[in-house]
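Let's take a walk through this structure together, one neighbourhood at a time. Keep the viewer open as you read.

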Amino acid sequence: MGDAHESIGGCPDRAELEILASGGTSTPELSGHLAHCASCRALLKEITEENDLLGSALFAESNSNDIERIEDQPIDGYEVLRELHRGGQGVVFVARQISTNRTVAIKMLLQGRFATSSQRMRFDREVELVAGLRHSGIVTLYESGTSRGGDVYFAMEYVDGTTLDQWHERVRPSVGEVSDLFAKICSAVRYAHGRGIIHRDLKPGNILVGPMGHPHILDFGIARVANSGDPEETMATEAGQFLGTFAYAAPEQLEGAADRVDVRVDVFALGVLLYEMLAGCRPFEMGDSLAELIRNRLDRIPPAPSSHAAGVPLDLDVICLKALSPDPERRYASAGEMEEDLQRHLDGRPILARADSTSYVLGRLIRRHKVPFLALATIVVLVIASLISLGFLYAEAEHERRVADETLRGFQDSIGIINPQTGQGTHDMSVGEYIRIMEDHVVSELDEQPRVGSALLTTLGLIELAFDEVDKSQALLEQALVLRRDSGPAALGEAYHNLGRVLFRKGQYDNALDSYRNALRERIDAHGTFHPDVAMTYQHLGSTLRRTGDYDGALSEFIQAELIWESLYGPSSEQVAGLLNNRAWVLVDQAREYAAAGRDEESRSLLEDAHFRLLDASAMIRGIASANDYRIGRSERSIGQVLVELGRLEEAIPRFDESLRIQISRQGAQSDGVLRTMLLRASACIQGGIELDKAARDVRVVAEVREQQGSEFQTEAPLKSALSSWRMLEEIHRLRDDPSGLAESTEGIRRVELALERLRSSASTDEP
Amino acid sequence: MEITRTTTAMLDALHDPANAEIWDAFDRRYRSILIGFARNLGLNEQDSADIAQETLVRFVKEYREGRYDRERGRLGAWLVGIARFRILDHRRRKGGGAELIDEAIAAKLDDERHLTQIWENERRHAILQVAMRELRETSRTDPRTIEMFEMLMVHGLTPQSVAEHHGVTTHDVYLAKSRVAQGLRKIVDRIQAEYDDG
C-alpha cells in the first residue's frame, strides 16, 4: 500500500487521492490520469476501503443517538423536533424551518460524517434527482447543506400522512379507492420516468398517503437516471450489492442485470404494490436464497388477486398480472401505460391489456371432462376436499392455472349434483370402480395437462389411502410424483410428502424416511424453513423415526417442527400442542422398551414425563379452543391412554368418557374417532375388570359398524377392525362368563373372517 | 481481551453450566447484537434489552436441552429465530392480546432475508466495536499514530492542523491513518473468523 504508489511517472500526491476518496471533486487532469494509471486507481480504491472501514468502526464505537448528535451540532436555520423514520441508510427528522415557520422533514445519513463513500454518493444523488422533480405526487426538496457537525442533510416537504401499508390497514379502502390511488401513484412515477428517472425502490414505506388520500413518493435514494452512461453511476449502482427491497424487486433487478434495468422495474414494483392492496398478500413467496427468489419470479406467475379476495374485477387482475410479468417485454412499457389502464378501468372503459380469452377453451374443457355420477357421499366429500386443497398447486402459470381450476370445477360440478338417493345405477358401484373411472379420465383425457393429471392422481391416491388401499395408493402417488418432476419444488415436495405417507402406512419406514427427506429438501427450497409445509414434513419424519425406534432422531425432528410452529403461530398453538403430544408418545414408546427390558423404574419415569407433557398440551388446547372442541377430545383420549400405561385405570376411564362426550357431540356416534376411543376405553375396562357391561356395549357397536362399512365399501381395513372388535367382545364375555354373548361374538368372528376371504379372493381374480 | 474463543470452542464450553466465564463471554458477544437487532426492528431501548435477555435465556434453555443442532444451521440463524419469536411474543403481551403488532415491525419480522441482513449488520457493528476497543487498548501501533488518527477521524480536524500539531507533513498524517486502518483490518479479520466459525 501507500508509498509504493506515489509520485511515479507524474502520479498525483496521495493527498489529492485522499480528498477525492473523501467526496471531493476531481479535476479533469486527475480524472484523465486515473483513467490511465492502474496503480493510482488501486491506491484510490485502497484509501476508499480504508476510510469506509474506519468510518464504520468509529460509528460502531460511537453508537451515537442521532437526535442527540444533531442537538449537539445543530443545523443552521432549523429546529429539529423529533425522529420520524429510520431506514437502512438514512434517518429522517421532523424539524421547523425557523425563517418560514414551516414544518419540514430533514433527511440525514444514519452514519453521519462516518458514512461510507458509496452511502454519500447515493445521498448526493438523491439530492440531485429530487431537486429536479416538481410533482404533487413526489415530495418536494427545499434545500440541502451540511450541519455544523459536518453531517450532510436535505430538507424536504413534510407530509403528515401514513405509509401505503398503514393507510391500507387503517382505511380498508374499497377496490375503487385502491384503483384511484394507484392511478395517482402511477402518474407521479410516470412524471419521474418522463424525466429519465427510475425510482428502483418503490415499496409501501416509500409512499406516503396524505390526509386527503393523495400519495407522495419519497426516497429516491437509490434512483437511477435512465440510460445514463456515467461510469460513476454504474460503479455506484453495480457495486455487487443488491439495492432495493427484495419483495418489490423485478427479476432483472435481482439478477443484477444492470443493463436490463429500466423504467419497467418500477412497473413491476407497482404491480407488487397493487397486488398487495387488492389481494391482501404478496404475489410471490420470498424463498430461501437469492437464487430461489429469482427463480420464483422468473418461473411463476402469481395467481390472480381475485383468487385471494372476492370482488376484485377481472380488469384489475389483468392489470396486476401484466405489471408482474417476469419478462419486461410483456409488462407495461411505462408507469404511464399502467396509469392509462387504471384510468380506463375507473372510467368503465375497456382496458388496453385484455388477457387472451380463455373462456372458449375452458368451456370446451368443462364439457369434455364431465364425469359419471357417483352415489357414495363419503367419497364425494373426500374428493371435493382434496380437489380444493390441491387446487392451489397450479399457480405456476396463469393459463394453466385457470385451465386446471376450471377442469377441477368440472369434476366438482359433476360430483356436486349427485343425489345419493336418486343416482342411477350407482348404488352398487364400489370405491374401486369409481376410482378406476376417475383414473381412466386422468389417463385418457388429461394426459395433455400433466399438472392437472398429477393433481388428480394425487387426489385418487389420497382417497385410496383413506380407505387403506395402500398398494393402489402408492401406485397412484408414484405416478403423480413422476408427473411432477419438473413442476417446481413446492409441487414436488408435496408429491414426496404424500408418497412418504403411503410408505409409512405400508410400514416401509426406510423408504418413507427417504421420501420425507426429499420432501423436506424440496419444501425448504420452495418455501424457506419457516413454513407450515416444512413443519409438517418434519413432524412426519419424526413420527416415522419413532416407528423405527430412533427416538432421539424423532425428538430432534419434532423439535424442529415445534420451533417452526412456535415461530409461525406463537408458543401456545394447536400445532405446538400437537408436537407436545408427539413428543409424549415418543416417551411412551421409550418407556415401553424400558419396561420390556425390565427397567420398570425408568419406564415409569418416562411415562410420568409423557403424562405431564400431555397435560401441558391439553391446557394449551383448552386455552385456545372452546370446551367442546374436538382437539380437547383427542387430548383427553391421549391422556387416558398414558394413564392406562401407568396402570391408573380408574383415572383413565373418565378421560375416555370426556373424550367420547366431545367426539360424539362433534362427529356423531359412529365416527372413526369415536369408535377408536370406545375400543381404548373397553380395553382399559378389560384390563381393570371394571365396567365390563358398558365395555361390551361399546365394543359391539364398533364391531357392527365396522362390519357394515367393510361390506359396503368392500375394503379390508374396516373388516379387519370388525374382526378384532368381535374378538375383544369374545374376551369380555369370557370375563363376564356370559355364554350367549360368547356365542354371538364367535358367530361375528366367523362371519367377518368369511367376508375377508371373499374380498381377498375377488381381489386376486380381478388382477390381470 | 474479550473475545478470544471461536464460536465452536465457546459452544463446546457452554455444555458446562458451571463455567461462568464462558457464559459471560457468550453473553457479551451476543447481547449487544441482539439489542441492536431489536432496535433495528423498531423497538425501544428498554424493550430491546428485554428481548435480548429473553432470547439469551431461551437459547441457554434450548442449548442445554440439546435442541441446538449445529448441523442444521448457524448459531446466528438460531438466535434470529428465537429473537424473532420473542419480539412477536413481547409485542403481543405488551398489547394485552388485543393490540396487534405494529404493522411495520410485523412486515419486517416476516421477511427472513431482511432479518438475516439486520443480524449480519449488527454482527458487523459488534465486531467493529470490539476491534476498535482492542486497537486502542492492546494494539502495538505507536501512540502518536493513534493520536493523529483520532485527531483526523474522530475530532474532525483538518489534515493540515494535525500535521502542524505533530510537526509532520499531511502525507505523514494520511499514512498514520492508513496504518491504523491496516491494524484494524487485521483485528477485524481475526474476530470475524472467530465469529464465522459459528
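**A cluster of rings, and what lies beyond**

In chain B, ring pairs tie F26(B), Y30(B), F37(B), F59(B) and W119(B) together into a cluster. A word on the ground rules: this is a predicted model, in which local features need pLDDT of at least 70 and side-chain atom pairs count only at pLDDT 80 or more, while totals for chains, interfaces and linings use all residues. Residues are numbered from 1 along each chain as its sequence is written, chains are lettered from A and ligands numbered from 1 in the order in which they are written, and side-chain values use heavy atoms, with hydrogens and water left out.

Rings of Phe, Tyr and Trp (its six-membered ring) pair if their centres lie within 6.5 Å; planes under 30 degrees apart count as stacked, over 60 as edge-to-face and the rest as tilted. By this rule there are 6 aromatic pairs over all chains. In the pair of F26(B) and Y30(B), the ring centres are 5.0 Å apart and the planes stand at 50 degrees, so this pair is tilted. Because they sit 4 residues apart in helix α2 (residues 20–40) of chain B, F26(B) and Y30(B) are separated by about one helical turn. Helices here are DSSP runs (H or I, at least four residues), as are strands (E, at least two), and both are numbered from the N terminus.

F26(B) also forms an aromatic pair with F59(B), and this one is stacked, at 5.2 Å centre to centre with 20 degrees between the planes. Here distant parts of the chain are linked, since F26(B) is in helix α2 of chain B and F59(B) is in helix α3 (residues 45–64) of chain B, 33 residues apart. Are these rings buried or exposed? Both F26(B) and F59(B) are buried, and Y30(B) is buried too; buried means under 20% relative accessible area, exposed over 50%, and partly exposed in between (1.4 Å probe, protein chains only).

Now turn to chain A, which has 31 helices and 10 strands. Of its 768 residues, 53% count as buried. Rings have charged company here: R102(A) lies over the face of Y142(A), 3.6 Å from the ring centre, and K322(A) lies over the face of Y332(A) at 5.5 Å. A charge sits over a ring if NZ of Lys or CZ of Arg is within 6 Å of the ring centre and within 35 degrees of the ring normal.

Further along chain A, helix α24 (residues 574–596) packs with helix α26 (residues 630–645) at an angle of about 15 degrees, their axes 12 Å apart. Axes are lines fitted to C-alpha atoms, for helices over the stretch in contact, and angles run from 0 to 180 degrees between N-to-C directions. α24(A) and α26(A) are therefore roughly parallel to each other (angles under 35 degrees count as roughly parallel, over 145 as roughly antiparallel, 65 to 115 as roughly perpendicular and the rest as oblique). Among the residues making the contact are W585(A) of α24(A) and R634(A) of α26(A), contact meaning heavy atoms within 4.5 Å.

Finally, find N51(A) in helix α3 (residues 38–62) of chain A. N51(A) counts as buried because its relative accessibility is 13%. Leaving aside neighbours within four places in sequence, N51(A) is in contact with E18(A), A21(A), S22(A) and K177(B).
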